[in-house]
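I opened this notebook to record what I looked up in one structure. The entries run from the overall fold to a single strand and then to the core.

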Amino acid sequence: FFNMQNEAIGQVRIENTGSETLIGISIDKHFRGKSLSSKMLAKATSAYLNKHSKEKIIAYIKHKNTSSYKSFISAGFIEQEVMNHNGIKSYKLFKRKHD
């Protein structure tokens, strides 16, 4: 994703692993705290789900990372459960195409 000055602000990665479709986001340190992540997540998931309407996108968010959790919720993700993911207490969130 780029801003109006064509500066890279971050990236959203969506990957189908065969068993799940996972999402991750990273924001350049100069653009953090500007409420960009939820907009980036919403745009990326909408584009992906328009092409892959039967899939469900999964996000694993570390339990301590409340800002990331809030960004995903603002982007339309729904909390499925709190679980141990890769040895870390995490939220498992999902998003699918609206019918």
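Entry 1, contacts. I count two residues as in contact when heavy atoms lie within 4.5 Å. On that basis I looked up how the contacts spread along the sequence of this predicted model. Among contacts between residues at least 6 apart in sequence, 49% join residues at least 24 apart.

Entry 2, overall fold. I asked which pattern the protein follows when read along the sequence. I found β-β-α-β-α-β-β, and the secondary structure comes to 2 helices and 5 strands. I then checked the radius of gyration: it is 14 Å, close to the 13 Å that the globule rule gives for 99 residues, so the protein is as compact as a globular protein of that length. Along the principal axes, the C-alpha atoms fill a box of roughly 40 × 30 × 20 Å.

Entry 3, surface. I looked up the accessible surface and obtained about 6700 Å², with 49% of it belonging to carbon and sulfur atoms. Of the 99 residues, 34% count as buried.

Entry 4, strand β3. Is strand β3 (residues 56–62) largely enclosed or open? I noted that 5 of its 7 residues are buried, so the strand is largely enclosed by the rest of the structure. I applied a cut-off of under 20% relative accessible area for buried.

Entry 5, neighbours of β3. I listed the pairings of β3 next. Strand β2 (residues 21–27) runs parallel to β3 and is joined to it by 2 bridges; leucine 22 has isoleucine 58 in β3 as its bridge partner. Strand β5 (residues 88–96) runs antiparallel to β3, with 7 bridges between them. In that pairing I found lysine 56 opposite arginine 96 of β5. I also recorded the handedness of the connection: β2, helix α1 (residues 37–51) and β3 make a right-handed β-α-β unit.

Entry 6, nonpolar core. I asked how many residues the largest nonpolar core has. The search returned 19 residues, and those with the most contacts inside the core are Ile23, Ala59, Ile61, Phe72, Phe77 and Leu93. I traced the contributions to their elements: β2, α1, β3, α2 (66–74) and β5 each supply at least two residues of this core. Helix α1 gives the most, with 5 residues.

Entry 7, phenylalanine 72. I finished with the contacts of one core residue, leaving out residues up to four places away in sequence. Phenylalanine 72 touches Ile23, Ile25, Leu41, Ala59, Ile61, Phe77 and Leu93.

Conventions:
Residues numbered from 1 in each chain as written. Predicted model: local features only at pLDDT ≥ 70, side-chain atom pairs only at ≥ 80, totals over all residues. Heavy atoms only, no water. Buried < 20%, exposed > 50% of the residue type's maximum accessible area, 1.4 Å probe, protein only. Pairing = 2+ DSSP bridges. Right-handed = clockwise from strand over helix to strand, strands pointing away. Rg over C-alpha atoms; globule rule 2.2 N^0.38 Å. Areas by Shrake-Rupley, 256 points an atom, 1.4 Å probe, with all protein chains shown as cover. Core = buried A, V, L, I, M, F, W, Y, C linked by side-chain atoms within 4.5 Å.
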